[in-house]
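Dear colleague,

Please find below the sequence and structure that I am handing over to you. My notes on what was found follow directly after.

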Amino acid sequence: TYYPEEKLMGKIAKMRLLKAYNLVSMEFNEQYSYFFMLMARKNIDQPLGFSKDKLLRFNEKITSKAKAGLSIKYLDSYLNNEILSKSISDFYILNSKKTTNWIDFKNTIENNSGKKLDWFFEKIIEDRSAIDYAFDKITKTDDSFQFSLIDKNQYQVPVSVFGLKDGKITSKIWIDKVVKDSIYTLPRNGADKIVINYLNEVIEINQRNNWKSFKRYHIFNKPIKFNFMKDIENPNYNQVLYVPTIEYNYYDGLIPGIKIHNKTLLDKPFLFNINPTFSTNTGTISGSTSFILNHYIRDSKLFLTRYNVSYSSFHYAPDAYYRKFNPTISFRFRENDFRSNNRQVIFVRYNLVDREKSAFVDVTSENYGVFDVQYANNKSELTKQFSYTLGLQMSEKFGKAEAEVEFRKLFN
């Protein structure tokens, strides 16, 4: 109210050198959305309706409080016209006269707004499913946009859609319920972009798929933004981060390079890391790269499936490269009670090493591949831990089975 221009980083936000970073330039109140997404992107957020004894400590102290505030702002934006403020005042008066509960609060808002709000209390409060909307089909005319939406998680809650021109809002509509294959119309008013949830009113888990630009030659819908080192996610840009690197090995010597990646401070479904380097000893290009795809499952003991492909190439002799290729898939399991520290993982990997022939090194077997599968089960409490790992490795010339058990008990 009294400091509407205040930034999250305070006076640091005024430094020109740092203004390009979203972490520095973001508004003070934007932090609460990130507190929520910090846990939601890791697939360990919990319903607002849970009692304290069911909550993880970070959720109880930070995430749930942030989500509660965001939920109230969401409902206020949807109802508009100060209806929610009036309803809170009415409920306060009612509560001073008799013992009330959440049903009285719900009835008060519905009476003042004339709208049914089952979706808010049943889904936003009592459920943890992730909200994620995206555009399906879009056509434009001189005076309007016609579009259909995809409700990726079938959550069925209201969502706002905006028209933009040069970063300014030209039109806005609320869609109460997204119906498959339905066509909606938004007045254009000269807009060249159409955006879902532009003001971050809806508590979406992913806003990177909310944009559609109609500017000519705008291939990526959003501009690409390069940042040095690290930044927090900015859904208005396609962010590319870069950082210089330097390594050393005996045959390549000093290996300067640059790492290009998209890993921000929030987890993402897709991550890439490309690190081209230059071998000073041989005068050739070397380097490494990796691609990770995370598939989170919200309501299952199998809560994460991760696909990973990595590749690297360096010298093992003055005149010969070695190349490593590692495709990997892992399945991660947890208990339905998030407070349980019992975790299980199945890890499957193939290690392929390809070595060029060298005039300096006698290598009897230049190339080899090893198939590796492991299962780990770990339960760790403060005073007691029990874990075990089973593994199997196979290649053309050998096979190996292994097992490891660890038990720890602390006494007074």
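The expected span of a helix is 1.5 Å times one less than its number of residues. Please bear in mind that the model is predicted.

Against that yardstick, helix 5 (residues 102-113), with its twelve residues, reaches 17 Å from its first C-alpha to its last, close to the 16 Å expected. At its N-terminal end the helix is capped by Asn-101, a side-chain oxygen of which lies 3.0 Å from the backbone nitrogen of Ile-103. After helix 5 comes Gly-114, which has a positive phi, near 70°. The buried residues of helix 5 are Asp-104, Phe-105, Lys-106, Thr-108, Ile-109, Glu-110 and Ser-113. Helix 3, helix 4 (83-97) and helix 6 (118-125) are included in what covers them.

Two of these buried residues, Lys-106 and Glu-110, also belong to a network of salt bridges that links them with Lys-116 and Asp-118. Side chains of opposite charge can pair when their charged atoms come close. Within the network, the side chains of Glu-110 and Lys-116 meet at 3.9 Å, N to O. Are the partners in this pair buried or exposed? Glu-110 is buried because its relative accessible area is 11%, under the 20% limit. Lys-116, at 58% relative accessibility, is over 50% and therefore counts as exposed.

The structure holds 18 salt bridges. One of them joins the side chains of Lys-7 and Glu-27, at 2.8 Å from N to O. This pair links distant parts of the chain, 20 residues apart: Lys-7 is in the segment before helix 1, and Glu-27 is in the loop between helix 1 and helix 2. Lys-7 is partly exposed at 23% relative accessibility, and Glu-27 is partly exposed at 30%.

A further salt bridge is formed by Arg-323 and Glu-356, whose closest N and O atoms are 3.0 Å apart. Arg-323 lies in strand 14 (residues 320-334) and Glu-356 in the loop between strand 15 (342-355) and strand 16 (368-380), so the pair ties together parts that are 33 residues apart in sequence. Arg-323 is partly exposed, with a relative accessible area of 24%, and Glu-356 is partly exposed as well, with 27%.

Turning to helix 2 (residues 31-40), seven of its ten residues are buried, so this helix is largely enclosed by the rest of the structure. The buried residues are Gln-31, Ser-33, Tyr-34, Phe-36, Met-37, Met-39 and Ala-40. Their cover includes helix 1 (22-25) and helix 3 (57-79).

The largest nonpolar core has 45 residues, and those with the most contacts inside it are Trp-119, Ile-124, Phe-147 and Leu-149. Neighbours within four places in sequence aside, Trp-119 is in contact with Tyr-74, Leu-75, Tyr-78, Ile-124, Gln-156, Val-157 and Pro-158.

Finally, a polar residue in a loop: Asn-206 is found between strand 6 (193-196) and strand 7 (211-213). Asn-206 is buried, its relative accessible area being 13%. Its side chain reaches the backbone nitrogen of Arg-208 at 3.0 Å. With neighbours within four places in sequence left aside, Asn-206 is in contact with Arg-41, Ile-131 and Asp-132.

With kind regards

Conventions:
Residues numbered from 1 in each chain as written. Predicted model: local features only at pLDDT ≥ 70, side-chain atom pairs only at ≥ 80, totals over all residues. Heavy atoms only, no water. Core = buried A, V, L, I, M, F, W, Y, C linked by side-chain atoms within 4.5 Å. Buried < 20%, exposed > 50% of the residue type's maximum accessible area, 1.4 Å probe, protein only. Contact = heavy atoms within 4.5 Å. Helix = DSSP H or I, 4+ residues; strand = E, 2+ residues; numbered from the N terminus. Polar contact = N/O pair within 3.5 Å; in protein donor to acceptor, adjacent residues only side chain to side chain. Salt bridge = Lys/Arg side-chain N within 4 Å of Asp/Glu carboxyl O.
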